[in-house]
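Student: I have a new structure to read. Could you take me through its features one at a time?
Tutor: Gladly. Open the structure, and we will begin with a side chain.

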Amino acid sequence: MALIEVKVPQLSESVAEATLLQWHKKVGDPVARDENLIDIETDKVVLELPAPNDGIVVQIVEPDGATVVAGQLIAIIDTDAAAKVSPMEVSAIPVPQPGHATTPVAAPELASNSAAGIAMPAAAKLLSENNLTATQVAGSGKDGRVTKGDVLNTLATKPATPVVAPAAAAAKPALQQVAAPNKAKKEERPEERVPMSRLRARIAERLIQSQSTNAILTTFNEVNMQPVIDLRSKYKDKFEKEHGVKLGFMSFFVKAAVAALKKYPVVNASVDGNDIVYHGYFDIGIAVGSPRGLVVPVLRDADQMSIADIEKKIGEFGAKARDGKLTMEDLTGGTFSISNGGTFGSMLSTPIINPPQSAILGVHATKDRAVVENGQIVIRPMNYLAMSYDHRIIDGREAVLALVVIKDALEDPARLLLDL
């Protein structure tokens with residue numbers, strides 16, 4: 001038997017622990033090299049752990065939900081095994097200890113309470129705990145031996161029998177009559193308590209950190225989206241044919257934000273102690289909703305990206321977020337963020353800054369509204385923009401003017417081409 005250890009991979013420097021989300025294999029299952037064994041969640045991403053070699057899973061050391069660290073042993077694979085084995089037949093394999101060779105020890109057979117069947121050690125313990133005998137369980141192990149899995153299957157299908165003390169047996173009908181209304185009331189008010197995922201806990205921590213350390217203020221403006229809508233309608237078919245991606249609206253917001261950050265660099269800066277760090281690059285975080293929670297992948301050097309590059313990257317981020325494939329690199333850094341609550345129908349919000357950044361742009365739903373132009377009431381597709389900023393380093397003047405640059409760029413997209 002050739003045993004290899006499966007260990008937690010190296011985590012990011014800023015990540016101390018991880019959680020085992022879900023094993024995709026159980027003891028006794030065959031695995032192929034590079035096949036995903038388990039999903040491991042950190043406070044930033046979900047990692048897939050591939051099998052290091054072909055073989056059979058002979059031991060799972062840490063179960064679903066366990067908290068682990070980098071390099072920790074979580075499973076053992078037998079690379080010589082050629083057929084699926086019973087989980088209980090390999091359960092006696094010890095966890096290798098540092099500096100010691102692993103020697104498989106066969107589990108001794110243990111007679112159950114009845115001579116009609118033989119139970120494996122773990123199964124015998126379960127039988128005893130549940131007042132069962134081996135003859136009451138159909139064995140699927142070698143020569144009909146009862147395995148732990150057989151006992152668990154029997155317990156799962158066996159109807160629960162409440163144990164009633166003799167003295168209370170006579171009062172049982174009366175108790176049932178009294179308890180029934182309370183039970184009905186509880187069923188009308190159900191509750192479920194579940195632990196936060198590691199990502200959700202991290203999001204909560206960062207939001208509280210942002211509100212407690214930043215002097216957050218929000219300024220608002222409105223933008224007429226008709227010019228962008230017209231431009232998109234005119235070129236969207238040619239754009240998709242040429243670049244293989246649909247022309248959306250977010251790329252225009254990214255370009256407009258970059259234009260504002262160039263004119264007002266402090267909005268692209270961050271605080272480090274008593275210093276203001278001015279970034280000479282434009283890494284724009286795009287808030288994306290995922291089944292696991294809000295994540296903010298980063299467009300690196302957004303000022304050097306074309307509209308098509310931005311749309312492709314945003315599409316890639318969206319797909320990776322849905323599939324849980326975002327990497328540490330995707331989520332690290334960022335000098336400014338954009339949150340688009342409009343995709344969910346939000347009319348207005350005050351977005352929270354993503355630390356250590358100092359500002360964030362909130363984009364909302366575009367709706368036809370009555371506005372006044374040249375003394376006339378007209379209908380225009382309006383979008384309310386919100387910019388939250390850290391008032392410790394960004395004055396109202398810079399924040400307001402930066403938002404005006406974004407508004408002007410969207411209402412006259414030619415400005416983006418002419419760098420005006």
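Tutor: Glutamate 5 has a relative accessible area of 37%, so this residue counts as partly exposed. Keep in mind that this is a predicted model.

Student: Which residue does the side chain of glutamate 5 meet in a salt bridge?
Tutor: First the general idea. Side chains of opposite charge can pair when their charged atoms come close. Here, glutamate 5 meets the side chain of lysine 7, with 3.4 Å from N to O. Lysine 7 is partly exposed too, because its relative accessibility is 42%.

Student: How many salt bridges does the structure hold?
Tutor: There are 14. Take lysine 25 and glutamate 35 as another case. Their side chains meet at 2.9 Å, N to O.

Student: Where do lysine 25 and glutamate 35 lie?
Tutor: Lysine 25 is in the loop between strand 2 and strand 3 (30–31), and glutamate 35 is in the loop between strand 3 and strand 4 (36–41). The pair therefore ties together parts that are 10 residues apart in sequence.

Student: Are lysine 25 and glutamate 35 buried or partly exposed?
Tutor: One of each. Lysine 25 is at 17% relative accessibility, so it counts as buried. Glutamate 35 is at 29%, so it counts as partly exposed. The cut-off for buried is under 20%.

Student: What salt bridge does glutamate 316 form?
Tutor: Its partner is lysine 320, and the closest N and O atoms are 3.9 Å apart. Both residues lie in helix 8 (residues 307–323). They are four residues apart, which is about one turn of the helix. Glutamate 316 is partly exposed because its relative accessibility is 33%. Lysine 320, at 18%, counts as buried. Shared partners then link salt bridges into one network of Lys313, Glu316, Lys320 and Asp330.

Student: Now the strands. What should I look for?
Tutor: Strands of a sheet pair through backbone hydrogen bonds, either parallel or antiparallel. In this structure, four strands make an open sheet, in the order 5-4-2-7, with antiparallel pairing.

Student: Which are the edge strands?
Tutor: Strand 5 (46–50) and strand 7 (67–68). Each of them pairs on one side only.

Student: How many bridges join strand 2 and strand 7?
Tutor: Two, in the antiparallel sense. Strand 2 covers residues 18–23. Look at the partners. Threonine 19 has threonine 67 of strand 7 as its bridge partner. Alanine 18 stands opposite valine 68, also in strand 7.

Student: How many bridges join strand 2 and strand 4?
Tutor: Four, and the pairing is again antiparallel. Leucine 20 is one residue to find here: it stands opposite isoleucine 40 in strand 4.

Student: Next, the nonpolar cores. How many residues has the largest one?
Tutor: It has 56 residues. Those with the most contacts inside it are Val267, Phe336, Ile338 and Leu410. Helix 7 (residues 250–263) gives the largest share of this core, with 10 residues. Apart from this core lies another, of 18 residues. Val8, Ala18, Leu20 and Val31 are among its members.

Student: Which residues is phenylalanine 336 in contact with, leaving aside neighbours within four places in sequence?
Tutor: Ala257, Leu261, Val267, Asn268, Asp283, Ile284, Gly285, Gln357, Ala359, Ile360, Leu361 and Met387.

Student: Let us turn to the backbone. Which peptide bond is cis?
Tutor: Look at the bond from proline 355 to proline 356, which is cis with omega near 10 degrees. Proline 356 has its place in the loop between strand 18 (336–340) and strand 19 (359–363).

Student: What is the phi of aspartate 34?
Tutor: Its phi is positive, about 75 degrees, although aspartate 34 is not a glycine. This residue lies in the loop between strand 3 and strand 4. Its relative accessible area is 56%, so aspartate 34 is exposed.

Student: And where is aspartate 301 found?
Tutor: In the loop between strand 17 (298–299) and helix 8. Aspartate 301 has a positive phi of about 50 degrees, and it is not a glycine either. At 32% relative accessible area, aspartate 301 is partly exposed.

Terms used. Residues numbered from 1 in each chain as written. Predicted model: local features only at pLDDT ≥ 70, side-chain atom pairs only at ≥ 80, totals over all residues. Heavy atoms only, no water. Pairing = 2+ DSSP bridges. Salt bridge = Lys/Arg side-chain N within 4 Å of Asp/Glu carboxyl O. Buried < 20%, exposed > 50% of the residue type's maximum accessible area, 1.4 Å probe, protein only. Core = buried A, V, L, I, M, F, W, Y, C linked by side-chain atoms within 4.5 Å. Contact = heavy atoms within 4.5 Å.
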